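Work through the exercises below with the sequence and the model open beside you, and try each task before reading its solution.

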Amino acid sequence: MVRITRSILALLASLGISSCGFVKSVWHAEPPKRQVVVLESKPLPPFSKIFSEDEDESSRAFSEWKESILGSFKQIEGRTKEFLTRDEVRTLVESGLVKLDDNPRTSGDRALAVLEILGFKDGIGTRELNDLFDWIGLHKKEARAFYNLFINETLESDQVHATQIISVLNLFGSFVSLLGDQEVSPEHLSELILPWIPKSYPRARNALRSGIDLGISFFSSFCGDRVSHSVWNGKKIGGCLRNLTKEFESTTPAIDFMFGNRNPSIAPNELIRAAGNFEIRVKSWIEGHHHPLFPVSRVAEFAKALNIPAPYAYLKLTEWMPKLNSDSTLEGLSPRFFIELSRVARVWIVESARASASTLCFIEENWKSCSFTGDYEPASQLFNGEYATLIRTPTLGFVSKVALYHSLSDFIFAKLDIEKKGEIESNIKELISLSIRLLDSNAFAQNVIAGLLERPVDPVNTEDSLKSHTRIGLAELAALAADLIPNRDQSGRSLLRKLQSQILGREKRMPYSMDRIGLTAFIYLYDLVANLNHDYLTRYDLPVKSEGTLRFVDRKKIIEVFPKILFDHFPRLYNECVSWGFERTCGVVFDEILPNSLPGRRDLEAYEMDVITISAILIESMMNRCDRNSDDFLSGNPIDGFDEKTCMITVSTALAKRLMRAGFVDQDHQTEFLMKLTNNFFIAKWAAKAALARGTVKGIAWFAIPAANWLTGPATLGSVLSVAAELMDPAKVKAVETGQDGPVDSYGDELLYHNRLTDYHLPRLKVAPRYPKRSKTGE
Amino acid sequence: MKLGSGLFCKSIGVLLCWGILKVSPSRASFRNDLGTYIFQYASEKAPTLYLSNKSIFETQSFLAKTELYFESGPRGSWTLDPDPVRYHAFWDEEKRTKVWVGRDHPLHLLEDHWIEPTSALGNIWVQNQLDALNPRVNGWIGGGLVHAFDVHWKMVFAYSPLFLPTFGPSLGFSERGDLNPARFARLPPESVVTGGVTLPIRYQLRLNQLSELLLRHQVFLGTSFSNESVTVDTFAFTAPRPNAAALTDATLAVGQNSVNANVSISPQFPREYWGGIRVQKKDLLFKPAFEFVQNLEDYPNHQVSLTGYFKGPSIPSGVSNLSPRASFGILTHFQKKFEAPQFSDFLLFLRVPVELTTKLVSRTLVQTTLLPSRRSLYWMNELEYLIKTDFSILAALRVLAGEDASYFGAWRNQSSLSIGVKKIW
């Protein structure tokens with residue numbers, strides 16, 4: 001027994017010892033973590049499905065969202081059943097259950113702001129949610145338009161339909177009406193919206209307050225006495241917008257056309273009727289109520305708050321407002337101006353529709369790229385087949401654009417041609433300023449959008465541009481080009497007389513007269529130049545360096561790519577230069593035309609490349625106007641006082657004179673004397689004609705003899721440029737001819753020598769393809 | 001709110017007093033064990049004090065046992081559990097029909113029947129979980145009869161108009177819904193995650209009318225065959241499920257400064273119908289007892305147990321009063337899958353008292369659940385040394401271990417060491 005006892009004790013002892021380790025290991029065990037319940041609700045379809053074009057899918061998604069939200073809300077209890085006060089909403093949102101931002105505090109602010117904007121001032125309950133869903137259900141169609149416009153698709157103007165705009169305005173009107181009849185001060189409205197602008201958008205946040213002021217002023221001016229003028233009254237603004245959409249519903253074809261999204265099923269007559277109706281509606285909208293002036297300073301404040309570089313081109317443009325609209329002042333734009341603009345729109349649409357009516361494909365979807373076969377005089381006058389390949393195809397899109405410029409020039413003429421002479425006389429600088437400001441105001445609008453979206457703002461310094469344009473004589477060139485571009489289908493004598501009178505003018509800055517087609521050409525030219533400038537920078541990968549509001553391009557790079565520019569956009573000019581020696585002709589001429597870099601710099605401002613475009617257009621236009629039989633030769637006729645060579649001499653001396661007076665080229669008294677001599681003495685003119693034909697001024701004295709002169713052949717564009725090069729910088733020409741280093745006035749000039757341009761920078765194709773010759777559109 | 005046993009104790013107390021008054025003190029016996037212990041839990045720095053009292057009062061026709069324990073400290077609790085408390089009498093002169101009123105398990109009225117919590121029937125019967133590590137099978141409050149057809153065959157019938165749910169360790173809730181649980185309370189989920197946000201859960205207990213909860217019929221009918229070698233009991237009964245099925249309703253309670261998941265619990269005690277059989281071969285080694293209990297409405301819900309018995313080893317020969325019987329066995333549910341861990345998750349158990357000397361007894365209890373992912377262990381070893389026949393000192397070690405979602409794992413940081421004294425009157 002004792003043995004058994006010992007055995008049991010031994011067993012227990014060994015068990016005890018071995019269990020010590022186990023006990024030790026479990027003694028300090030942590031309690032198990034308490035269970036966490038994970039609630040996963042049934043996944044909902046994407047919210048965007050509510051805006052689906054498929055009505056069944058849309059209704060299903062809407063019902064599921066409604067049931068889910070209302071069902072969830074029933075599971076939420078505040079102090080009162082099925083209702084949450086504002087404080088409770090904040091607590092709920094800040095807990096993260098409803099996430100409106102990563103920051104809980106901002107999330108709460110947003111939620112309360114939304115409640116107030118929706119008119120749920122005390123809080124939200126099942127009834128309010130039901131109302132909200134009823135509202136969404138009621139406005140599903142408009143919401144779909146909004147979604148398609150701003151969220152689903154890239155917002156491009158030619159994708160915008162008038163019906164969409166009307167739907168979105170309706171939706172916005174209905175939305176702001178939710179606020180009810182309460183009036184909200186700009187300060188408070190700013191407090192409500194601010195939480196919704198992420199902190200990553202500091203410019204938009206900073207500009208919010210002035211943006212609201214701008215909005216209130218806009219609605220006040222646009223809606224007139226339909227709304228309050230100093231506070232935000234959602235119900236009234238909503239009512240105004242709904243009235244607006246109702247009023248303009250019948251004008252959708254005209255609005256679509258303005259957005260470049262014409263409905264092809266709309267017949268031209270119907271489009272014309274809609275355009276007329278549009279003008280009538282605008283007039284009745286403005287005249288039926290009292291509309292205060294729109295204070296333009298609001299725009300300045302808004303732009304400043306958005307940190308858009310000053311000066312604001314748009315505001316300088318408003319200096320013209322009193323001239324263009326008698327009801328406007330320097331400080332305020334009258335809404336009646338919109339009546340004038342609606343007239344411009346009507347003229348544009350009517351002229352386009354009439355001109356395009358006979359072109360069959362006007363009723364097709366891609367009508368813009370369709371070849372124009374009708375007759376529209378301004379388009380015929382402006383069209384050319386030789387340069388600027390971007391626009392040299394006569395299409396309905398081209399016609400529509402010309403019609404827009406023509407209607408604009410019609411409007412400006414009506415305002416500025418007070419004496420009804422058919423010509424306006426003004427300082428070129430003013431006209432240039434107006435054009436540049438008009439174009440820059442578009443850049444300003446784009447900058448506003450870029451600023452709101454925190455994207456880089458393109459520095460647009462209109463004032464500097466204007467100064468520089470004047471400095472390099474761009475204005476003079478543009479004015480001359482605008483005079484030369486339109487084919488007025490006259491004998492050419494009046495044009496030459498006009499140019500001669502300008503040359504012989506005594507004033508330093510001559511008054512400039514311009515007819516309607518000239519003004520149209522002028523706007524057309526500036527639009528074209530802006531488009532081509534953008535094209536050069538992107539197509540040839542020119543590196544751009546920004547300094548404040550200015551953009552710079554290396555001058556040498558410009559010299560390197562300008563042969564390609566001529567090849568792509570001005571093929572006749574390019575081919576002529578190649579046949580006469582590229583460096584010897586185009587090389588020297590365009591190097592001289594291109595401004596020198598400022599001391600200590602090697603670059604130019606990007607817009608300064610425009611001088612290449614305008615000069616090339618000018619040269620091509622001179623050829624177009626003087627080469628009457630379009631055979632690419634300028635012939636002489638001893639019995640015709642206005643033969644093609646005479647034309648070229650007159651035009652080119654006019655050009656030189658203007659350039660000298662503008663300070664664009666050095667005012668050389670000897671050259672000036674020669675030009676006067678050439679224009680006044682027939683012997684000198686004979687010598688000049690011979691020089692044009694031979695492409696050099698060397699030994700021209702012999703050719704003052706009539707017989708010798710008659711022996712010379714016709715001149716070409718290449719020979720003209722060759723002479724121009726000699727006159728502009730004989731030293732460079734000599735260096736090119738002798739194969740030596742010549743003067744280097746600015747960075748990049750060295751490319752002219754030793755055939756560097758020809759060997760390294762000319763396109764591989766020897767001959768630039770030209771567009772088939774056309775003297776007039778539609779032929 | 002505390003799920004306590006106040007009402008229950010009062011009603012049993014009245015019955016107890018009535019029983020004491022009905023019998024003559026000269027024919028009665030009374031025994032009382034009073035113990036006091038100091039417990040040191042692994043999870044706590046300070047020790048806690050326990051008081052334990054067991055009383056047995058018995059006459060020829062009356063039997064009352066009460067158990068009381070009390071634990072000090074913030075997680076302490078107390079209970080007074082009278083079971084059985086019954087008065088019985090014979091209906092006829094032949095003493096073939098015995099009727100009884102009070103509180104007892106119907107099968108306890110048959111001789112040599114003791115329903116243990118580790119058996120199939122005991123597991124689904126009302127268990128007293130107040131002392132969570134020492135569950136007990138308690139009876140209904142009502143009455144019944146036992147009729148002997150002959151020396152082998154008997155019939156048992158019991159009826160109770162009063163339903164008492166299982167009482168577990170209290171799970172207190174504050175006014176704000178925060179938990180204030182007792183030591184061995186099973187804790188409900190702490191938080192809910194929805195939409196990526198974790199919210200604390202506040203609980204709210206919703207009880208129906210107490211009368212609706214308590215006044216529910218319970219009926220038991222059984223037969224028993226017993227001879228020297230075998231006992232076969234068959235039975236069927238209906239009663240509300242003693243362990244509540246919680247019907248929950250959750251809302252988000254949004255206050256001024258906080259958002260909580262507000263879970264209101266409405267305990268449900270659905271009626272169940274059970275049938276079963278208990279067979280014990282008394283002439284085999286370990287006197288194995290097999291039990292099978294089947295839910296008559298829920299086919300996969302059945303429980304099976306196999307228990308063996310033997311006399312606890314006694315090293316000093318001839319002394320047996322300190323070594324009651326030992327048992328071992330298995331308890332499981334084969335098909336039913338329960339969400340919460342169960343005592344019957346493939347439970348293996350061993351209970352062995354060993355009389356080491358005439359004064360020293362060791363008691364070992366090992367219970368382990370072995371269902372995959374629900375493995376857990378409870379191991380208790382107690383030594384009792386008798387200083388006098390009515391006074392002893394005790395020392396015990398209780399070790400708990402297991403996985404998070406296992407029966408004993410929920411208390412795995414509640415291992416303890418204890419020492420105490422016990423006085424018997």
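**Exercise 1. Two helix pairs in chain A**

Task: describe how helix 26 (residues 583-593) of chain A and helix 33 (residues 730-738) of chain A are placed, given that their axes come within 10 Å and cross at roughly 145 degrees; then treat helix 25 (residues 571-579) of chain A and helix 32 (residues 717-728) of chain A in the manner of the first pair.

Solution. Before starting, note that this is a predicted model, in which local features need pLDDT of at least 70 and side-chain atom pairs count only at pLDDT 80 or more, while totals for chains, interfaces and linings use all residues. Residues are numbered from 1 along each chain as its sequence is written, and chains are lettered from A and ligands numbered from 1 in the order in which they are written.

Step 1. Two packed helices are described by the angle between their axes and the distance between the axes. Helices (H or I, at least four residues) and strands (E, at least two) are DSSP runs numbered from the N terminus, and axes are lines fitted to C-alpha atoms, for helices over the stretch in contact, with angles running from 0 to 180 degrees between N-to-C directions.

Step 2. Helix 26 and helix 33 of chain A cross in the right-handed sense (the near helix is turned clockwise from the far one by less than a right angle; anticlockwise would be left-handed). The contact, which requires C-beta atoms, placed from the backbone, to lie within 7 Å, involves Glu583(A), Arg584(A) and Val588(A) on helix 26 of chain A, and Lys732(A), Val733(A), Val736(A) and Glu737(A) on helix 33 of chain A. Sorted by class, these are 3 nonpolar, no polar and 4 charged residues, where Ala, Val, Leu, Ile, Met, Phe, Trp, Tyr, Cys and Pro count as nonpolar, Asp, Glu, Lys and Arg as charged, and the others, Gly among them, as polar.

Step 3. For the second pair, the axes of helix 25 and helix 32 of chain A come within 8 Å and cross at roughly 70 degrees, which means that the two helices are roughly perpendicular (65 to 115 degrees; under 35 is roughly parallel, over 145 roughly antiparallel, and the rest oblique). This crossing, too, is right-handed. Helix 25 of chain A contributes Arg572(A), Leu573(A), Glu576(A), Cys577(A) and Ser579(A), and helix 32 of chain A contributes Leu717(A), Gly718(A) and Leu721(A), giving 4 nonpolar, 2 polar and 2 charged residues.

**Exercise 2. A strand and its partners in chain B**

Task: which strands pair with strand 22 (residues 347-355) of chain B, and in what sense?

Solution. Step 1. Strands pair if DSSP finds at least two bridges between them. Strand 21 (residues 325-332) of chain B is joined to strand 22 of chain B by 5 bridges and runs antiparallel to it, with Phe328(B) bridged to Leu350(B).

Step 2. Strand 23 (residues 360-369) of chain B also pairs with strand 22 of chain B in the antiparallel sense, over 9 bridges; here Phe349(B) stands opposite Gln367(B). Strands 22 and 23 of chain B form a hairpin with 4 residues between them.

Step 3. The covered face of strand 22 of chain B carries Leu347(B), Phe349(B), Arg351(B), Pro353(B) and Glu355(B), whereas Leu348(B), Leu350(B), Val352(B) and Val354(B) lie on the uncovered one.

**Exercise 3. Where the chains meet**

Task: how many residues of each chain are in contact, and which elements of chain A take part?

Solution. Step 1. The contact joins 32 residues of chain A to 35 residues of chain B. Helix 1 (2-27), strand 1 (36-39), strand 2 (76-77) and helix 3 (86-94) of chain A each supply at least two residues, and helix 1 of chain A gives the most, with 7.

Step 2. This side of chain A holds 18 nonpolar, 8 polar and 6 charged residues.

Step 3. Strand 2 of chain A pairs in the parallel sense with strand 16 (residues 245-254) of chain B over 2 bridges, and Glu77(A) stands opposite Ala253(B).

**Exercise 4. Backbone exceptions**

Task: is His754(A), which has a positive phi, buried, exposed or partly exposed?

Solution. Step 1. Most residues other than glycine have a negative phi, and most peptide bonds are trans. His754(A), not a glycine, has a phi of about 60 degrees and sits in the loop between helix 33 and helix 34 (756-761) of chain A.

Step 2. His754(A) is partly exposed, because 16 other C-beta atoms lie within 10 Å (20 or more would be buried, 12 or fewer exposed, with C-beta atoms placed from the backbone).

Step 3. In chain B, a cis peptide bond with omega of about -5 degrees joins Asp83(B) and Pro84(B), and Pro84(B) lies in strand 4 (residues 78-90) of chain B.

Definitions and conventions:
Contact = placed C-beta atoms within 7 Å.
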